[in-house]
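This briefing covers strand pairing, packing and chain contacts in the structure shown below. Points are grouped by topic.

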Amino acid sequence: MTDASVVSQSVNEGKSSPLSFLAGLGIAVNPGKVFSTVLMPIIGIVVFLLIWSGAARNIDTSLGKFPGPVVVWEQFGSLYQEHVTEREKAEAFYQRQEKRNAARVAKDPDYVPKIRAYTGKETFLDQIATSLVTVMSGFLLAALVAIPLGIAIGLNKTLNAAVNPIIQIFKPVSPLAWLPLVTMVVSALYISPDPLVAKSFLNSMITVMLCCLWPMVINTSVGVSSLDRDLINVSRVLRLPALKHVQKIVLPASVPMIFTGMRLSLGVAWMVLIAAEMLAQNPGLGKFVWDEFQNGSSNSLARIMVAVIVIGVIGFGLDRAMLAIQRFASWDKSKATH
Amino acid sequence: MSTLLDISHIDMVFDTPKGPFTALKGVDLKIAKGEFVSLIGHSGCGKSTVLNIVAGLLQASSGGVILNGREVSEPGPDRAVVFQNHSLLPWLTAYQNVELAVKQVFGRTKGKAEIKEWIEHNLQLVHMDHAMHKRPDEISGGMKQRVGIARALAMQPEILLMDEPFGALDALTRAHMQDSLMEIQQELNNTVIMITHDVDEAVLLSDRIVMMSNGPAATVGEILEINLERPRGRLELAQDPEYTRLRSEVLKFLYEKQRKVEPMVKPRVRKKVQESRQHEAA
């Protein structure tokens, strides 16, 4: 063995050692791949952070300097800390209440103790949870309507001709244009002394649903109507009844397209939801951003920046989750790559 | 031998934007039980149209098809079709593809164990029992076609319709498939109509070759009886003078009597191509 080969070997070892835990997990470590999948993204992020902090230092706003990465990172911590403190407060509140109730019951056995809910301020983490629940419920509701509708349209040319103009006209409408109408209709129709969910939740959910609907309807109907002629013939030769034809041939054949529609609409839904929450003051990340903006403290911009990053990460996570489900559920793996 | 299938006086007229187009005119053919018939002819002569009419996937403009004394009006599993591009459901395994057909045809008459056995039996017949639980994208083109044949056989059809079943396969695989088909045919003695472009394939497999004239208004041109003894082996036949004679009969029909005289590119089309090229250049 020559000296040169020894040197190159040790260099290789040096490169792969920080990633050797991947090899331990059964993930093959290939130096070329490591370069493009690990090293380059890290370099990209570092360069971005440098540009950001450089730019931030030179921007003065009425709320102080534009936050750089370090300040934003500190706000991550403090937002989490606020959440923990708020939870402790709530816990203490419930404990006090329990104690008080126990004392009253001891004094008066007929007394039926009441538990009052804690009404503290919603923390950043609560807002995240609210936004996620809202987007998922709107999305699922839309899927429930859009997929059967898309299948019906895809199967029936006459129905397609009737529904298509409506879809084409409503598709380009920003769901935010619907928001005032949705708000008014919900307040007019959803009257209940003991509401199951808040009106604001319904408003955001319906808005999300409206924007999820069209991509799913269109993709499903295209998937169904572009069904391979030969597969239809197979179904005809077998004399499959209509319901079985849909269940065994049409539905599985259009699953890849249905997933494409679902991924598209989930991405749009997440963007729209934040805007809807800002506009309508519905609880959620959008409201958090708006409240911080109105609040105007010296921390506000950094806290908004935290929200921006979190919104981005969650949006990315939602898309990846959808992709994972698609990989698991769809037979056509080639359409589920990235 | 009694007639199983009677194709009688079939005309097929398609409506096109340029007016009606007569694809078939007066096609007449009687097929006996257990007979293997090949349809051969130049592309566009309406072979597939004949097959689709027998399958019930197309309705003839006039005339009709009678199977076992009853007129064919819609598709059904008694006329199983093997499609050119296998047409397996890509999300199902080989076993499940056959299962869909078997359950549809025998779901009421056969028990669970019997159904399983019947599916496996048919996959064994086409030598696909080793890859039963693989999906179409995991097996080769020839194997897909084998599964397609197993699916058709599993329906126990009165007549098996094959639309260029080996057209998309390479020559070696095709030869394998032909041997397999002859083997199966010897065991089951099915009635088969097969469309082919391949003269050797037609002579090797068939009892009769139906040669179709060119369209429009295509019809049955000549019928050639193939009285070669079975079982047939492709190597022995290569030396057989009778085989050579039959082969040249078919070739004569295709390349002398029904020669296509069109130039490769029609003048009008050529002009259009030029125009579009100029358009692109601009």
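**Strands, core and interface**

In chain B, strand β1 (residues 3-16) pairs with strand β2 (residues 19-32) in the antiparallel sense, over ten bridges. The model is predicted. Chain B also holds an open sheet of six strands, and 16 of its residues are in contact with 13 residues of chain A.

**The β1-β2 hairpin of chain B**

- The connection from β1(B) to β2(B) is a hairpin through two residues.
- Within this antiparallel pair, B:L5 has B:I31 of β2(B) opposite it.

**The six-stranded sheet of chain B**

- The strands of the open sheet follow the order β6-β7-β8-β3-β9-β10 (chain B), and their pairing is mixed.
- The edges are taken by β6 (81-82) and β10 (220-225) of chain B; each has a single partner strand, so one side of each lacks a neighbour in the sheet.
- At one of these edges, β6(B) pairs with strand β7 (residues 159-163) of chain B in the parallel sense over two bridges.
- In β7(B), B:M162 is the residue opposite B:V82.
- Helix α8 (residues 241-257) of chain B lies across three strands of chain B, namely β3 (36-40), β9 (208-212) and β10, and runs at about 175° to β10(B).

**The loop after β3 of chain B**

- The loop between β3 and α1 (47-55) of chain B contains B:S43.
- B:S43 counts as exposed because it has 11 C-beta neighbours inside 10 Å, and the limit for an exposed residue is 12 or fewer.
- B:S43 and B:G215 are 172 residues apart along the chain, and 9.2 Å separates their C-alpha atoms.

**Nonpolar core**

- The largest nonpolar core has 133 residues.
- The residues with the most contacts inside this core are A:V208 and A:A269 from chain A, together with B:V54, B:V98, B:L161, B:I193 and B:V250 from chain B.
- Neighbours within four places in sequence aside, A:V208 is in contact with A:T134, A:V135, A:G138, A:F139, A:A269, A:V272 and A:L273.
- A:A269 therefore appears both among the core residues with the most contacts and among the contacts of A:V208, where contact means C-beta atoms within 7 Å.

**Contact between chains A and B**

- On the chain B side, 16 residues are in contact with 13 residues of chain A.
- Helix α2 (residues 94-106) of chain B gives the largest share of the side touching chain A, with three residues.
- By class, that side of chain B consists of twelve nonpolar and four polar residues, with no charged residues.

Conventions:
Residues are numbered from 1 along each chain as its sequence is written. Chains are lettered from A and ligands numbered from 1 in the order in which they are written. This is a predicted model: local features need pLDDT of at least 70, side-chain atom pairs count only at pLDDT 80 or more; totals for chains, interfaces and linings use all residues. Two strands pair if DSSP finds at least two bridges between them. Helices (H or I, at least four residues) and strands (E, at least two) are DSSP runs, numbered from the N terminus. Two residues are in contact if their C-beta atoms, placed from the backbone, lie within 7 Å. Ala, Val, Leu, Ile, Met, Phe, Trp, Tyr, Cys and Pro count as nonpolar, Asp, Glu, Lys and Arg as charged, and the others, Gly among them, as polar. A nonpolar core is a set of buried Ala, Val, Leu, Ile, Met, Phe, Trp, Tyr and Cys residues joined through C-beta atoms within 7 Å. A residue is buried if 20 or more other C-beta atoms lie within 10 Å of its own, exposed if 12 or fewer, and partly exposed in between; C-beta atoms are placed from the backbone. Axes are lines fitted to C-alpha atoms, for helices over the stretch in contact, and angles run from 0 to 180 degrees between N-to-C directions.
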